[in-house]
Each structure stands twice: as structure tokens, then as C-alpha cells.
Amino acid sequence: MTLSQDLLAILACPACKGVLAVTDDGSGLVCEACRLRYPVRDGIPVMLVDEAEKLDG
Amino acid sequence: MDDHAIKESVQQQFDSVAHHYLSNSPMAEVGLLDLIVDLAAPRPEHCSLDVACGAGLLVCCFAPLVASATGVDLSRSMLTAAEQESKRQGLVNASFHLADSEALPFADHSFDIVTCKLAFHYFPDPQRAIREMKRVAKPDGRIVLIDRVAAEDFHTRELHNRIEKLRTPSKVKVYARSEIQSMMEREDLTVLDINRYEQYQDVDEWLATTGAPSIYQQMARDLIVQSLETDREGLGLFRRDGRLTMTHSTAVFVAEPRG
């Protein structure tokens with residue numbers, strides 16, 4: 001996935017509207033506050049809370 | 001159906017007909033797309049968002065005119081078609097995300113232009129969708145909401161919606177123009193202008209598009225035929241070259257966040 005810096009700046013967690021970080025391998029977007037990882041499938045970020053993966057801890 | 005079931009139903013419906021929306025649908029009508037772009041007044045430094053973007057037609061219209069054009073939709077197939085179309089056109093500043101119109105994945109005040117074309121009647125909580133559109137729009141931004149509208153008269157509108165539900169069970173409701181305007185004003189949006197746009201479509205073609213079970217299509221057709229003389233559903237029916245034809249009334253709302 002290639003997300004422009006401009007786009008990353010405005011992308012937000014759909015649950016808390018907080019900032020997101022791209023995972024190291026580029027396979028998802030993480031909201032640290034909600035402990036959720038939004039996957040990227042076929043190059044399209046899946047920004048749905050229902051389909052987000054819960055992070056441990 | 002609860003809200004979640006409605007959204008799943010909408011996803012499934014559009015996943016199955018994505019191919020249709022880039023070609024021969026009224027969604028692709030150039031006149032309406034041009035009107036929307038004109039009313040949105042895009043500038044090269046603008047960022048635009050199309051909510052429930054479908055196969056990305058409007059995003060692809062905005063992309064050459066703005067710094068970035070973004071689209072969100074609940075249907076994976078629609079977004080895949082949108083990605084392919086934007087790549088085909090060489091639009092490097094177009095991007096697409098799978099997202100819920102009622103929970104947009106963007107920070108407050110991110111976009112100069114927020115559009116939503118012919119999708120509003122699918123939202124289980126349209127008030128919330130408008131709230132989200134306003135939230136992500138910049139204070140000096142512009143919202144252009146486009147939707148089919150039904151008659152102002154309650155009973156006419158109810159009959160119209162009965163036919164719509166038979167054709168598209170996932171459709172929540174086609175609203176009257178005044179209902180949509182009230183919802184926008186409730187979110188402190190100033191409605192600057194409401195344009196009316198009419199499109200004509202062959203009734204059988206319209207009934208066949210969404211993939212509804214044929215028995216429902218037939219029930220809807222029967223109701224329409226019964227209404228030909230009196231137009232009690234407000235569908236603006238007439239015969240064109242011997243074919244039963246209907247009038248889609250579309251309202252294009254232009255609004256700005258207040259104050």
C-alpha cells in the first residue's frame with residue numbers, strides 16, 4: 001500500500017477519529033487509542049470497526 | 001432489518017452489480033456529473049471527498065481538477081471497479097477506502113468539497129451521515145448532496161417508496177426535498193441552493209437493474225402500470241416510443257457549514 005503523507009494526515013480512526021499509523025509492513029493502519037488494526041485488502045484500506053483486528057494488550 | 005443488516009444488504013446488492021455502474025446507468029449521466037462539479041466549484045488546491053462513491057465516477061471527474069480526490073464506499077466490488085477506472089484514466093491523486101458513510105475515517109475539517117451522489121436513500125441513519133459530512137468538511141468548505149426525491153405529499157411518497165422497496169429491498173427511503181433540507185439544517189448547514197434535475201428511464205430497464213427477485217420486479221411493475229393514468233406514486237410516467245417510461249426527480253443541494 002502506498003498512502004501519500006497528505007492522505008495519512010487526514011485519515012482517522014472511524015471509531016474515535018484519532019490519528020492512525022501505518023504498520024511497519026504496510027499491511028494495515030493502527031489506532032493505538034482503540035487498539036485496533038484496520039487491514040488493507042487488495043490495496044484498499046478497510047476502515048470499518050467491525051472488520052478491524054483487536055490488538056493485544 | 002436493523003442498521004447492520006441494511007448495510008450488509010446494500011453491500012451485497014452493489015457487489016453484484018458493480019460492472020453496471022460504470023457504463024449504462026443513469027448514475028453515469030454526464031449532465032448530472034457536470035452539474036455537480038460546477039456547483040462544487042473545485043480549485044486546484046482543494047481536497048474532495050465523495051461519500052458512497054460507488055464505482056468512482058464522480059471521484060474521477062474531480063481528480064483532474066483538485067489536489068486530491070477521495071472516495072469511500074461499503075462495497076468492495078464497487079471500489080475495485082473505481083480503482084481500476086482511476087488507474088485506467090491515469091489519475092494518481094484518486095484514492096478509495098472501504099468505509100461507512102455514518103462513521104467516516106477522516107479527521108475533522110479535512111475536505112474543501114464533500115459530495116454524496118444518489119446514495120442518501122440507502123443510509124439507515126441519514127441524519128448521522130449528514131453530521132459526518134459536515135464534520136469532515138472544512139468550515140469554509142462546500143457540501144453537495146444529490147439524491148432522488150419523492151413527492152412532498154405524504155401518501156404519494158409512501159406509494160413511491162413501496163415500489164422502491166419492491167425493486168430494491170435494501171433501499172431505506174426516498175425522501176421529499178423538504179425532508180432532506182430539514183436534515184441538513186438540523187446539522188447547522190446553510191442550504192445555499194437546491195437544483196432540480198430530471199432523468200427519464202425505461203421502467204423495465206429500471207426494474208431489472210438491481211437484481212431484485214423477479215416476483216418483486218413484477219409486483220412493482222403491476223403497481224406502476226396501475227398508476228399510469230393517475231400517477232398516484234408521483235413517478236412522472238409516460239410512454240416513449242411505446243415503452244413505459246418514468247421520470248427520476250433528483251435534487252442537488254448545495255450547502256455550507258454555518259458560521
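Select B:Glu256 to begin: at 27% relative accessibility this residue counts as partly exposed, a label that covers everything between buried, which is under 20% relative accessible area, and exposed, which is over 50% (1.4 Å probe, protein chains only). This is a predicted model, in which local features need pLDDT of at least 70 and side-chain atom pairs count only at pLDDT 80 or more, while totals for chains, interfaces and linings use all residues. Residues are numbered from 1 along each chain as its sequence is written, chains are lettered from A in the order in which they are written, and side-chain values use heavy atoms, with hydrogens and water left out.

**Salt bridges within chain B**

Keep B:Glu256 on screen and add B:Arg142, whose side chain meets that of B:Glu256 in a salt bridge at 3.4 Å, N to O; the term stands for a side-chain nitrogen of Lys or Arg within 4 Å of a carboxyl oxygen of Asp or Glu. This pair links distant parts of the chain, since B:Glu256 is in strand β8 (residues 243–257) of chain B and B:Arg142 is in strand β5 (residues 137–148) of chain B, 114 residues apart. Helices (H or I, at least four residues) and strands (E, at least two) are DSSP runs, numbered from the N terminus. B:Arg142 counts as partly exposed, at 23% relative accessibility.

Next, select B:Arg243 and B:Asp204, which form a salt bridge with their closest N and O atoms 3.7 Å apart. Here too distant parts of the chain are linked, with B:Arg243 in strand β8 of chain B and B:Asp204 in helix α8 (residues 203–208) of chain B, 39 residues apart. B:Arg243 is partly exposed, with a relative accessible area of 41%, and B:Asp204 is partly exposed as well, with 26%.

Then move to B:Arg135 and B:Asp108, whose side chains meet in a salt bridge of 2.7 Å, N to O. B:Arg135 lies in helix α5 (residues 126–136) of chain B and B:Asp108 in the loop between β3 (94–99) and β4 (111–117) of chain B, so the pair ties together parts that are 27 residues apart in sequence. Is B:Arg135 buried or exposed? At 16% relative accessibility, B:Arg135 counts as buried, whereas B:Asp108, at 44%, counts as partly exposed.

A search of the whole structure finds 20 salt bridges over all chains.

**Where chain A meets chain B**

Now colour the two chains separately and look at the place where 15 residues of chain A are in contact with 23 residues of chain B, contact meaning heavy atoms within 4.5 Å. The two chains bury about 1400 Å² between them, 62% of it on carbon and sulfur atoms; buried area is the accessible area (1.4 Å probe) that two parts lose on being put together, summed over both. Within chain A, select A:Ile10, A:Lys17 and A:Ile44, which lose the most area to chain B, together 39% of what that side buries.

How many salt bridges does the rule find across the interface of chain A and chain B? The rule finds two, and you can select A:Glu51 with B:Arg76 to see a salt bridge whose closest N and O atoms are 2.5 Å apart. On the side of chain A that touches chain B, α1 (5–10) and β4 (44–47) of chain A each supply at least two residues, and β4(A) gives the most, with four residues.

**Aromatic rings in chain B**

Display the ring of B:Phe106 together with that of B:Phe111. Rings of Phe, Tyr and Trp (its six-membered ring) pair if their centres lie within 6.5 Å, and planes under 30 degrees apart count as stacked, over 60 as edge-to-face and the rest as tilted. By this rule the count comes to four aromatic pairs over all chains. The rings of B:Phe106 and B:Phe111 have centres 5.0 Å apart and planes at 90 degrees, so this pair is edge-to-face, and both residues are buried.

Continue to B:Phe120 and B:Phe123, where the ring centres are 5.9 Å apart and the planes are at 75 degrees, so this pair is also edge-to-face. B:Phe120 and B:Phe123 are both buried, and when you add B:Tyr175 to the selection you see a cluster of these three residues linked by ring pairs.

**Cysteines, the last stop**

Finally, select B:Cys53, whose sulfur is 9.1 Å from the closest cysteine sulfur, in B:Cys60, too far for a bond. B:Cys53 counts as buried, at 8% relative accessibility.

Key
A disulfide is a pair of cysteine sulfur atoms within 2.5 Å.
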